[in-house]
Amino acid sequence: MGHWSEGLVNEAAKLIGGNPSRQVLTDMLAQAGREIEVLTGRSFQPLRQSTSVIEPNGLPFVDIPDMQVGSMEPGAGAWEVPDPVNSEIATVLQVPLASPVPNAAHAADALWVAGQLVAGASQTGRLTSEHVLHWLGTSVDREQRNDLFRRVMDPAFRYYVPVLGVPINGWWIQIARRLVWVTSETEDEGRLYELLLDKANASGQIPPLAATEAILVVAPMTRHPADWAFTARIWTEQVQRPIDRPWRRLAKAIHGHGIPTITLDPVSTSYEIACQVVLKGYWHGYIRGDEPALANAVAMAYPRQVDRIQRETHAPDRASAAATLLEQLIHPGFDPARGAEATRRYVRRKASIAVMQYRKSEAPDRYPWTQVGISERRYYKLLPMFAQKVNGRYEYDYDDVVARMKAHLNLVDKTREVRAAALEVLRSHGFGDEAARKWLQRHSPEEAVNAWPRGRRP
């Protein structure tokens, strides 16, 4: 069985047309397919049966991408948790949990708390490879370590290193990393790997022991087994991914079918990271847009932008200003591979857009396109006809351009009206629609009064 992207070769060749090289198309589709797998955290493999041996080391949840709901054998001692966005698959597997609790906080509030725990884990170094090695050194005896490494070499063995696991407000929040012995038989699940050892062994080779990216799992403890779980991948600043792809073409697929990705750097505050977790839950469909925690998260994470919106738009309070900013954050416009700074830059830009839109609505006469009576988009499409760029910017007299653009648009409207009248005259003389349009391509509209089809001149 080849890569799933190979099934798209015929469709791609049909869309391109001509006779493209099938091998070139196969290679390009395979490369694009693997890029999508890394960005989504999934492999999109065809249905197949597999056996896994899981060692969660005390964690009640483990991440299992691409599992089909209902495919587990009964009595396995574990339960798949259906993905809240796509109920046909499960990305989380649950092992026995303590007794359920009667109540739990709202999902958005739980994600806010989870984001702050992620920030704390990052600031204390628990998301690094050194923490994984330290945990192995203190939790696994030297005699058992070689046996563990031999077991990890088996692709069916899934060994998880706990980073964090706490119950809060009726929710279980955990972070874990899976150990992987990277070989040619290692199945590609769309995850990123970090090598843990950098010293060669007796044979002169560096052991390919690696850990996957850290995975955040947030699940309510009100039922056993759980019926809802949020999963997110955590990318630190060490993640290096290509960013020369057109993100606008991939965003819909990533947010519709991928696992959310949280990006961290040392500059990010705990509130910014927590807000990012809440926004990713919103963008990927795990929580609704009417959750009060959404606006509260934006207000606490980006106080300067919210204060600016409140000041410039005369909003009655910070909550209203935060809601205005949140309205701009419906569709994320950045690639997670660009890092945490892209999130901050995106929010700053959207805050500026919110202020600019308010100014336009409050004083429309101050803008040249409103004086002309057209949209801003059309104004800037017409502007090269009336002004020239100097050092990359248009420099012109607004009043002069407005007057000339009005005259141009009036002429265009008049020409359109004359043409429409000529078409009506030609139709009344017996021309069909297509014949009348072709006649106008060869003659001036003024000649339509004396134009008749062949053999029908009176």
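Begin by selecting helix α3, residues 107-123, whose 17 residues reach 24 Å from the first C-alpha to the last, close to the 24 Å expected at 1.5 Å a residue; the expected span is 1.5 Å times one less than the number of residues in the helix. The model is predicted, so local features need pLDDT of at least 70 and side-chain atom pairs count only at pLDDT 80 or more, while totals for chains, interfaces and linings use all residues. Residues are numbered from 1 along each chain as its sequence is written, and side-chain values use heavy atoms, with hydrogens and water left out. Helices (H or I, at least four residues) and strands (E, at least two) are DSSP runs, numbered from the N terminus.

**Helix α3 and its surroundings**

Within α3, colour the buried residues, which are Ala107, Ala108, Ala110, Leu111, Trp112, Ala114, Gly115, Val118, Ala119 and Ala121. Buried here means under 20% relative accessible area, exposed means over 50%, and partly exposed lies in between, with a 1.4 Å probe and protein chains only. Now show what these buried residues pack against: β6 (171-181), β9 (214-220), β10 (230-235), α7 (270-283) and α8, where contact means heavy atoms within 4.5 Å. Just after α3, stop at glycine 125, which takes a positive phi of about 80°.

**Strand β9 and its partners**

Select β9 next, because 7 of its 7 residues are buried and the strand is largely enclosed by the rest of the structure. In a regular strand the side chains alternate between the two faces of the sheet. Both faces of β9 are covered, with Ala214, Leu216, Val218 and Pro220 buried on one side and Ile215, Val217 and Ala219 buried on the other.

Add β6, which runs antiparallel to β9 and is joined to it by 6 bridges; two strands pair if DSSP finds at least two bridges between them. One place to look is alanine 176, whose bridge partner in β9 is isoleucine 215. Then add β10, which is also antiparallel to β9 and is joined to it by 5 bridges, with threonine 231 of β10 as the bridge partner of valine 217.

In the loop between β9 and β10, find proline 225, where the peptide bond from histidine 224 is cis, with omega near 0°. Move from there to the loop between β5 (157-168) and β6, which holds asparagine 169. Asparagine 169 has a phi near 50°, a positive value in a residue other than glycine, and is exposed, with a relative accessible area of 52%.

**The sheet β2-β4-β3**

Now display the 3 strands that form an open sheet in the order β2-β4-β3, with antiparallel pairing. The edge strands are β2 (61-68) and β3 (79-82), each of which pairs on one side only. Averaged over this sheet, neighbouring strands are turned by 35° against each other, direction ignored.

Zoom in on β3 and β4, which form a hairpin with 6 residues between them. The two run antiparallel, and 4 bridges join β3 to β4, residues 89-94. To follow the pairing, label tryptophan 79 with its bridge partner in β4, glutamine 94, and then proline 82 with its own partner in β4, alanine 90.

**Helices α8 and α10**

Select helix α8 (residues 292-301) together with helix α10 (residues 318-328), which pack at an angle of about 100° with their axes 8 Å apart. The axes are lines fitted to C-alpha atoms, for helices over the stretch in contact, and angles run from 0 to 180 degrees between N-to-C directions. The two helices are therefore roughly perpendicular to each other; that term covers 65 to 115 degrees, while angles under 35 degrees count as roughly parallel, over 145 as roughly antiparallel and the rest as oblique. Show the side chains of the contact, which is made by Leu294, Ala295, Val298 and Ala299 of α8 and by Arg318, Ala322, Ala323, Leu325 and Leu326 of α10.

Stay in α10 for threonine 324, which is partly exposed, with a relative accessible area of 27%. Not counting residues up to four places away in sequence, threonine 324 touches Ile309 and Ala354. From threonine 324, a distance drawn to glutamine 388 gives 36 Å, C-alpha to C-alpha, for two residues 64 apart in sequence.

Finish at histidine 314, in the loop between α9 (303-313) and α10. Histidine 314 has a positive phi of about 60° although it is not a glycine, and is exposed, with a relative accessible area of 61%.
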